[in-house]
Amino acid sequence: MPIGITGTGSYIPTEITKNEDFESHEFLNSDGSKINSPNPVIIKKFKSITGISERRYAPKEHKTSDLAFFASEKAIKDAGVNKETLDYIIVAHNFGDLVHNNKQGDTLPSLATRVKYKLGIKNPKCVAYDILFGCPGWVQAMIQAHAFIKSGIATKCLVIGAETLSRVIDKYDRDSMIYSDGAGAVIVENKNNAGEIVFHDSATYANEEANYLFFGKTYNTKIKDENLYIKMHGRKIYEFALTNVPVAMKNCLDSANISIKDLKKIFIHQANEKMDQAIVERFYKLYEIEEVPKGVMPMIIEKFGNSSVATIPTLYDLVNKNKIKNQKINKGDIILFASVGAGMNINAIVYRV
């Protein structure tokens with residue numbers, strides 16, 4: 001019996017922060033010096049690279065586990081399953097629950113346990129745990145759910161990606177404009193007509209690449225601030241991704257024995273529009289195809305920003321429910337989930353809808 005997705009859900013915060021809202025910010029270089037460009041120029045360049053015009057932030061009263069819970073409720077309802085029959089709840093995140101204006105991440109108890117509590121699930125055999133795998137966390141959680149079901153120890157899993165990155169950003173760092181909040185969830189089951197995970201692959205590059213994304217101090221050296229914030233070596237990540245991700249995607253598709261001509265959609269982590277486009281272009285060139293098929297790569301980063309582990313399940317939910325213009329998936333379509341992020345980790349899933 002195939003193992004696949006039977007229900008989807010997402011939570012997109014209503015608080016919108018547009019690029020022009022950053023025009024009054026003080027952006028600094030990593031050494032604390034002032035960037036020698038006016039903010040409108042910085043923001044225009046940022047938009048041309050990332051494709052981001054606006055992003056969503058969670059309301060102050062909501063934490064990451066709340067967002068995960070909201071998305072989960074929708075996925076459970078969409079799948080039409082009894083929540084008490086869930087065998088696993090797996091939550092992918094990176095920073096735990098963060099209270100507004102408090103940079104300490106809270107992971108005790110786990111976010112998955114908190115989601116189970118909020119859902120009101122009484123069954124103790126519903127095992128709840130978290131996964132930390134950088135931005136590819138949700139894809140990796142899907143791989144774990146597939147393994148549990150394939151081994152026979154589970155029949156239904158709730159797989160969630162949730163993040164409130166707006167609470168771990170350094171407002172003096174121009175990269176802070178990239179990050180956003182959100183959550184996406186799916187139910188995975190072994191059920192007829194559920195779709196099918198055909199093949200998956202993962203890798204961790206942990207030599208010089210290990211610290212391309214890291215926690216670091218604010219760029220403002222003139223203030224007393226002992227908090228740590230999400231930081232990245234953007235150029236190194238870009239070069240790493242373009243070198244390694246297309247090859248990983250090709251290996252996954254080839255191992256599934258699927259022709260590139262049969263691939264209908266690529267659901268790639270919404271990290272950076274220019275980078276994602278370059279990755280997909282190189283992927284097709286590996287098959288000696290010079291032009292990427294129109295509409296093969298749905299994108300939502302322009303309006304929603306980069307919400308890390310939440311980007312792919314949110315994107316899939318929106319396309320699955322026909323909420324993105326000119327984007328649709330049909331039963332039997334071959335699609336590819338692919339992600340890259342802190343670790344540095346890469347993974348991919350070939351999926352038959």
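This passage looks at four helices of a predicted model, beginning with a pair that pack together.

Two packed helices are described by the angle between their axes and the distance between the axes. For helix 5 (residues 234-255) and helix 6 (residues 273-285), the axes come within 9 Å and cross at roughly 40°. Angles under 35 degrees count as roughly parallel and those from 65 to 115 as roughly perpendicular, so helix 5 and helix 6 are oblique to each other. Their crossing is right-handed. On the helix 5 side, the contact is made by Ile-237, Tyr-238, Ala-241, Leu-242, Thr-243, Val-245, Pro-246, Met-249, Lys-250 and Leu-253. Helix 6 contributes Lys-274, Met-275, Ala-278, Ile-279, Arg-282 and Phe-283. Sorted by character, the residues of this contact comprise 12 nonpolar, 1 polar and 3 charged.

Helix 4 (residues 137-151) offers a simple check of geometry. At 1.5 Å a residue, its 15 residues should span 21 Å, and because its end C-alpha atoms are 21 Å apart, expectation and model agree. This helix is mostly covered, with 11 of its 15 residues buried. Among the buried residues are Trp-138, Val-139, Met-142, Ile-143, Phe-148 and Ile-149, and also Gln-140 and His-146. Just after helix 4 comes Gly-152, with a positive phi of about 95°.

Helix 3 (residues 111-119) has its own set of buried residues: Leu-111, Ala-112, Arg-114, Val-115, Lys-116 and Leu-119. What do the buried residues of helix 3 pack against? Their partners are helix 2 (64-79), strand 4 (88-92), strand 5 (127-131) and strand 6 (156-164). Helix 3 is followed by Gly-120, where phi is positive, near 75°.

Notes: Residues are numbered from 1 along each chain as its sequence is written. This is a predicted model: local features need pLDDT of at least 70, side-chain atom pairs count only at pLDDT 80 or more; totals for chains, interfaces and linings use all residues. Side-chain values use heavy atoms; hydrogens and water are left out. Axes are lines fitted to C-alpha atoms, for helices over the stretch in contact, and angles run from 0 to 180 degrees between N-to-C directions. Helices (H or I, at least four residues) and strands (E, at least two) are DSSP runs, numbered from the N terminus. Angles under 35 degrees count as roughly parallel, over 145 as roughly antiparallel, 65 to 115 as roughly perpendicular and the rest as oblique. A crossing is left-handed if the near helix is turned anticlockwise from the far one by less than a right angle, and right-handed if clockwise. Contact means heavy atoms within 4.5 Å. Ala, Val, Leu, Ile, Met, Phe, Trp, Tyr, Cys and Pro count as nonpolar, Asp, Glu, Lys and Arg as charged, and the others, Gly among them, as polar. Buried means under 20% relative accessible area, exposed over 50%, partly exposed in between (1.4 Å probe, protein chains only). The expected span of a helix is 1.5 Å times one less than its number of residues.
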